[in-house]
Amino acid sequence: MRVFVTGATGHIGSAVVLELLEAGHEVVGLARSDRSAAALTTAGAKVHRGALDDLDSLRSGAAAADGVVHLAFKHDFSDYAGAVAADLRAVEAIGAALEGSGKPFVNTSGTLMLAPVLGPGRLATEEDVIAPGSPPVPRIESENVAVALAGRGVRSSVVRLAPSVHSSADKHGFIPLLIGIARDKGLSAYVGDGATRWPAVHTLDAARLFRLALETAPAGSRLHGVADEGVPFRDIAEVIGRHLNVPAGAISREEADGQFGFLSALVSLDNPTSSRRTRELLGWRPQHPALIPDLEEGHYFR
């Protein structure tokens, strides 16, 4: 299969590209810079020059492919609304290029968006859908647009990733941000009793899931890239504190903004998430280290 991959040189995208190549697929990666193009060539993939805002490049890349994996996203928290809007435009452009083809299209979303809607203590499942008209949730429109493509002749699916996609390749995700904050503040903090839970998945297990979704996911599937259903935030903070040799301790919700900045709204979310249906549907079996053992290995702190 000739697969067009956006975000192909990012942390997760790089792993997806290698997973697809090892499975015998031909990969064409979107590249906006010479550096990205060189990385793709070195990996053994072909290069399609363009960018997330270049909708013509997305349409042409999708139209020439047998399937698409969309991982690109502008991780600009200073204009997150703009990043979400750009992602939606990209999904619509790719979907238009694939309409009526029966080709697979795997979009990317996140499990954290379910937490504000479901509320604390509720285990999120693949059957949970945030419909239009619900309280506004970032990226939900992109997810729903992708799923709706199943009614327009596209074998579309969405992988909701855990907030922690962890491995030695993770340099800019939530875990490195939390480590940087703890190092700067001299405190590895958690809010309240730290019982709120984050799901997690190893980068290589996530990459395998994207390949399986591309190859076999039924049209309209919502899938969960989750290995750990929910790691208590206090456990994460304590491991970080021990490796940095700084105290781990509780702070109040009122203190969270000063400690975590733009992450303060996220660290208090309780997001236990199941991937049972995903595993049953695709035969996906996470095999790599869970979050806490991966943190204990020490590579995040070297």
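**Salt bridges and helix packing**

Glu215 is partly exposed, with a relative accessible area of 27%. This description, like those that follow, refers to a predicted model. The salt-bridge partner of Glu215 is Arg211, and the closest N and O atoms of the two residues are 2.9 Å apart. Both residues belong to helix α8, where they stand 4 residues apart and are thus separated by about one helical turn. Unlike Glu215, which is partly exposed, Arg211 counts as buried, at 14% relative accessibility. Side chains of opposite charge can pair when their charged atoms come close.

A further salt bridge reaches from helix α8 to another helix. Arg208 pairs with Glu19, and here the closest N and O atoms lie 2.6 Å from each other. Because Arg208 is located in helix α8 (residues 203–216) and Glu19 in helix α1 (residues 11–22), this pair ties together parts that are 189 residues apart in sequence. The relative accessible area of Arg208 is 34%, so this residue is partly exposed. Glu19, in contrast, is buried, with a value of 10%. The pairs described so far are connected, since Glu19, Arg208, Arg211 and Glu215 are linked in a network of salt bridges.

In total, 19 salt bridges are counted in the model. Another of them joins Lys46 to Glu26, with 2.9 Å between the closest N and O atoms. Lys46 lies in strand β3 (residues 46–49) and Glu26 in strand β2 (residues 26–31), so that this pair ties together parts 20 residues apart in sequence. Lys46 is partly exposed, at 46% relative accessibility, and Glu26 is likewise partly exposed, with a relative accessible area of 29%.

The two helices joined by the pair Arg208 and Glu19 also pack against each other. The axes of α1 and α8 are 8 Å apart, and the packing angle is about 55°. The two helices are therefore oblique to each other. The crossing of α1 with α8 is right-handed. On the side of α1, the contact is formed by His11, Ile12, Ala15, Val16, Glu19 and Leu20, and on the side of α8 by Thr203, Leu204, Ala207, Arg208, Phe210, Arg211 and Leu214. Sorted by class, the contact of α1 with α8 comprises 8 nonpolar, 2 polar and 3 charged residues. Glu19, Arg208 and Arg211 are among the residues of this contact, and these residues also take part in the network of salt bridges.

A right-handed crossing is also found where α3 passes α4. The axes of helix α3 (residues 55–63) and helix α4 (residues 80–98) come within 8 Å and cross at roughly 40°. Helix α3 contributes Leu55, Leu58, Arg59, Ala62 and Ala63 to the contact, while helix α4 contributes Arg89, Ala90, Ala93, Ile94, Ala97 and Leu98. The contact of α3 with α4 contains 9 nonpolar and 2 charged residues, and no polar ones.

A third packing pair is formed by helix α7 (residues 174–185) and α9, whose axes are 10 Å apart and meet at an angle of about 55°. Helices α7 and α9 are therefore oblique to each other, and their crossing is right-handed. In this pair, Ile175, Leu178, Ile179, Ala182 and Arg183 of α7 meet Phe233, Ile236, Ile240 and Leu244 of α9. By class, the contact of α7 with α9 has 8 nonpolar residues, 1 charged residue and no polar residue.

Two residues of this contact, Leu178 and Phe233, recur in the surroundings of Val267. Val267 is located in helix α11 (residues 264–267) and is buried, with a relative accessible area of 2%. When its neighbours within four places in sequence are left aside, Val267 is in contact with Leu178, Val191, Thr196, Trp198, Phe233 and Phe260. Val246 precedes Val267 by 21 residues along the chain, and the C-alpha atoms of the two are separated by 19 Å.

Helix α9 is also one boundary of a loop that carries Asn245, as this residue is found between α9 (233–244) and β12 (248–251). Although Asn245 is not a glycine, its phi is positive, at about 60°. Asn245 counts as exposed, at 70% relative accessibility, whereas Val267 is buried.

Definitions and conventions:
Residues numbered from 1 in each chain as written. Predicted model: local features only at pLDDT ≥ 70, side-chain atom pairs only at ≥ 80, totals over all residues. Heavy atoms only, no water. Salt bridge = Lys/Arg side-chain N within 4 Å of Asp/Glu carboxyl O. Buried < 20%, exposed > 50% of the residue type's maximum accessible area, 1.4 Å probe, protein only. Axes fitted to C-alpha atoms, helices over the stretch in contact; angles between N-to-C directions. Parallel < 35°, antiparallel > 145°, perpendicular 65-115°, else oblique. Left-handed = near helix turned anticlockwise from the far one by under 90°. Contact = heavy atoms within 4.5 Å. Nonpolar A, V, L, I, M, F, W, Y, C, P; charged D, E, K, R; others polar.
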